[in-house]
Amino acid sequence: QVQLVESGGGLVQPGGSLRLSCAASGSIVSINTMGWYRQALGKQRELVADITSGGMTNYADSVKGRFTISRDNGKKTVYLQMNSLKPEDTAVYYCKTTLRRTGLISWSDYWGQGTQVTVSS
């Protein structure tokens with residue numbers, strides 16, 4: 001069994017900051033890419049940022065220069081530091097992890113339960 005537990009969402013004023021965390025636990029042998037996606041009301045889920053096991057990062061154009069993704073491999077945790085937040089960043093944020101479970105040779109994607117980020121004055 002694998003669990004992804006997210007934390008750090010909330011309500012923040014425009015220009016403010018939040019830091020999201022997502023910790024993976026369970027029967028995990030290895031973790032490849034970890035990432036953050038978001039889904040605003042009435043819109044499709046979109047990639048925000050992801051990071052490989054080697055530390056290579058990828059960002060959506062809309063968040064470049066404002067958001068920073070990082071990971072702690074020892075803690076099996078991915079972070080998203082969000083600065084200069086805008087109302088259009090309001091969405092449910094989901095973490096996604098590609099990992100291999102104990103006893104299996106295939107890689108699978110797992111999703112967190114989502115955390116609400118609301119940017120409003």
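## Charges over rings

Which ring has R100 lying over its face, and at what distance from the ring centre? The ring belongs to W107, and R100 sits 5.8 Å from its centre. This picture comes from a predicted model, so every value here is computed rather than taken from an experiment.

A second arginine is placed in a similar way: R45 lies over the face of Y94, at 3.7 Å from the ring centre. As for rings that pair with one another, the count comes to 1 aromatic pair.

## A sheet of four strands

Let us turn to the strands. Four of them form an open sheet, and reading across it gives the order β1-β3-β8-β7, with antiparallel pairing. At the edges are β1, covering residues 2-7, and β7, covering residues 67-72; each of these pairs on one side only. On average, neighbouring strands in this sheet are turned by 15° against each other, with direction ignored.

What holds such strands side by side? Strands of a sheet pair through backbone hydrogen bonds, and the pairing can be parallel or antiparallel.

## Following the pairings

You can trace the sheet from one strand to the next. β1 is joined by 6 bridges to β3, which spans residues 18-26, and the two run antiparallel. Two facing positions help to find this pairing in the structure: L4 stands opposite A24 in β3, and Q3 stands opposite S25 in β3.

The next step leads from β3 to β8. Here, too, the strands run antiparallel, and 6 bridges join them. One place to look is L18, whose bridge partner in β8 is M82.

## A closer look at T90

T90 is found in the loop that links β8 (77-82) and β9 (91-101). Is this residue buried, partly exposed or exposed? With a relative accessible area of 25%, T90 counts as partly exposed because its value falls between the 20% limit for buried and the 50% limit for exposed.

Leaving aside residues up to four places away in sequence, T90 touches A40, Q116, V117, T118 and V119. T90 can also be compared with S120: the two are 30 residues apart in sequence, while their C-alpha atoms are 8.3 Å apart in space.

The side chain of T90 has polar partners as well. It reaches the backbone oxygen of P87 at 2.9 Å. A polar atom of the T90 side chain also lies 2.9 Å from the backbone nitrogen of V119, a residue that is among those T90 touches.

Key: Residues are numbered from 1 along each chain as its sequence is written. This is a predicted model: local features need pLDDT of at least 70, side-chain atom pairs count only at pLDDT 80 or more; totals for chains, interfaces and linings use all residues. Side-chain values use heavy atoms; hydrogens and water are left out. Rings of Phe, Tyr and Trp (its six-membered ring) pair if their centres lie within 6.5 Å; planes under 30 degrees apart count as stacked, over 60 as edge-to-face and the rest as tilted. A charge sits over a ring if NZ of Lys or CZ of Arg is within 6 Å of the ring centre and within 35 degrees of the ring normal. Two strands pair if DSSP finds at least two bridges between them. Axes are lines fitted to C-alpha atoms, for helices over the stretch in contact, and angles run from 0 to 180 degrees between N-to-C directions. Buried means under 20% relative accessible area, exposed over 50%, partly exposed in between (1.4 Å probe, protein chains only). Contact means heavy atoms within 4.5 Å. A polar contact is a pair of N or O atoms within 3.5 Å; within protein, one must be able to donate a hydrogen and the other to accept it, and residues adjacent in sequence count only if both atoms are side-chain atoms.
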